[in-house]
Amino acid sequence: LGPCGGLARLPRELAVRAAGQLSAAGVTVVCLPQGDCGTLEQRGGRVSRCAPVRLLRAAGVRVAAGSGALRDAANPVGRGDPLEAAFLLASHGELRPEEAYEAVSGWARAAMGLPRVRVEAGFPAELLAVRGERVEGVLSMAYSRLVVHQGRVVARTSAVREYCDGSAAAALELPRQSSRGGGEPS
């Protein structure tokens with residue numbers, strides 16, 4: 001069931017009761033943190049788009065995440081990027097980074113009835129390789145990627161980040177943030 005963004009707009013006691021009912025029914029909720037593919041409603045000055053993942057998991061609901069909202073009314077610039085969905089879940093405090101990644105990978109595969117991916121001989125090579133040392137780094141800077149499907153590289157994305165030395169930046173007269181009061185450029 002998804003995207004269930006409306007649960008975030010319910011009063012807390014109703015959302016808790018709904019989560020309990022979903023859990024008792026054995027429902028899996030697939031949330032879409034990039035936008036719930038529906039109308040954008042304001043509540044207390046902020047837009048609620050994503051199902052309350054922490055509340056659902058606390059009630060025992062199986063939760064996965066996806067990346068819907070592919071350039072629709074809810075998200076006109078949606079990219080369909082599962083790592084972005086995981087980033088949003090973690091950055092909004094719904095899940096820890098490791099759980100957020102699991103929501104778009106292992107939990108998503110389970111929701112679709114697919115077996116867990118195993119990286120060992122004799123199993124199909126279904127991999128996403130992302131540059132980074134820890135999950136937090138991968139979610140925040142997932143620019144360079146390699147996608148392997150059925151043992152073959154099917155997509156490769158590369159990004160290059162270059163840093164200028166201080167004197168080169170000064171020669172360009174780029175605005176700098178100052179540690180002086182007010183955070184005004186120096």
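1. Let's start at a turn: His149 has Arg152, in β7, as its bridge partner. Further back from that turn, Val148 sits across from Val153 of β7. Altogether β6 and β7 (residues 152-157) are paired antiparallel through five bridges. Strands count as paired here if DSSP finds at least two bridges between them. As for the names, helices (H or I, at least four residues) and strands (E, at least two) are DSSP runs, numbered from the N terminus.

2. A word on what you are looking at. This is a predicted model, in which local features need pLDDT of at least 70 and side-chain atom pairs count only at pLDDT 80 or more, while totals for chains, interfaces and linings use all residues. Residues are numbered from 1 along each chain as its sequence is written, and side-chain values use heavy atoms, with hydrogens and water left out.

3. Now the overall layout. The protein chain has seven helices and seven strands. Read from the N terminus, its elements go α-β-β-β-α-β-α-α-α-β-α-β-β-α. Of the 186 residues in the chain, 32% are buried. Buried means under 20% relative accessible area, exposed over 50%, and partly exposed in between (1.4 Å probe, protein chains only).

4. Back to the turn. β6 and β7 make a hairpin with two residues between them. Gln150 belongs to that loop, and has a positive phi of about 50 degrees even though it is not a glycine. Is Gln150 buried or exposed? Gln150 counts as exposed because its relative accessibility is 60%.

5. The hairpin belongs to a bigger arrangement: an open sheet of three strands, ordered β5-β6-β7, with antiparallel pairing. β5 and β7 are the edge strands, each pairing on one side only. On average, neighbouring strands of this sheet are turned by 15 degrees against each other, direction ignored; the axes behind such angles are lines fitted to C-alpha atoms (for helices over the stretch in contact), and angles run from 0 to 180 degrees between N-to-C directions. On the β5 side, four bridges join β5 to β6, and these two strands run antiparallel. There, Val130 faces Arg145 of β6. How many of the six residues of β7 are buried? The count is zero, so this strand is hardly covered by the cut-off of under 20%.

6. Next, the largest pocket, which holds about 650 Å³ of space. On a 1 Å grid over the protein atoms alone, a pocket is an open set of points with protein on both sides within 12 Å along at least five of seven lines (a cavity is a set where a 1.4 Å probe fits but cannot get out), and lining residues have an atom within 4 Å of a point. Grid points are joined across faces, edges and corners, and the volume is the space filled by probe spheres set on the points.

7. Which residues lie nearest the centre of that pocket? They are Tyr101, Ser105, Arg109, Glu126 and Leu128, out of 24 lining residues. α3, α4 (97-104), α5 (106-111), β5 (127-130) and β6 (145-149) each put at least two residues into the lining, and β6 gives the most, with four. By type, the lining splits into 14 nonpolar, four polar and six charged residues. Ala, Val, Leu, Ile, Met, Phe, Trp, Tyr, Cys and Pro count as nonpolar, Asp, Glu, Lys and Arg as charged, and the others, Gly among them, as polar.

8. Helix α3 (residues 82-91) deserves a look too. Leu83, Ala85, Ala86, Leu88 and Leu89 are its buried residues. Asp81 caps the N-terminal end of α3, with a side-chain oxygen 2.9 Å from the backbone nitrogen of Leu83. After α3 comes Gly93, which has a positive phi, near 80 degrees.

9. Two last spots to click on. Leu1, in the segment before α1 (12-24), counts as exposed because its relative accessibility is 57%. The C-alpha atoms of Leu1 and Val63 are 9.6 Å apart, with their positions 62 residues apart along the chain. Gly60 is in the loop between α2 (53-58) and β4 (62-65), and is partly exposed, at 47% relative accessible area. The C-alpha atoms of Gly60 and Gly20, 40 residues apart along the chain, are separated by 7.6 Å.

Conventions
Polar contact = N/O pair within 3.5 Å; in protein donor to acceptor, adjacent residues only side chain to side chain.
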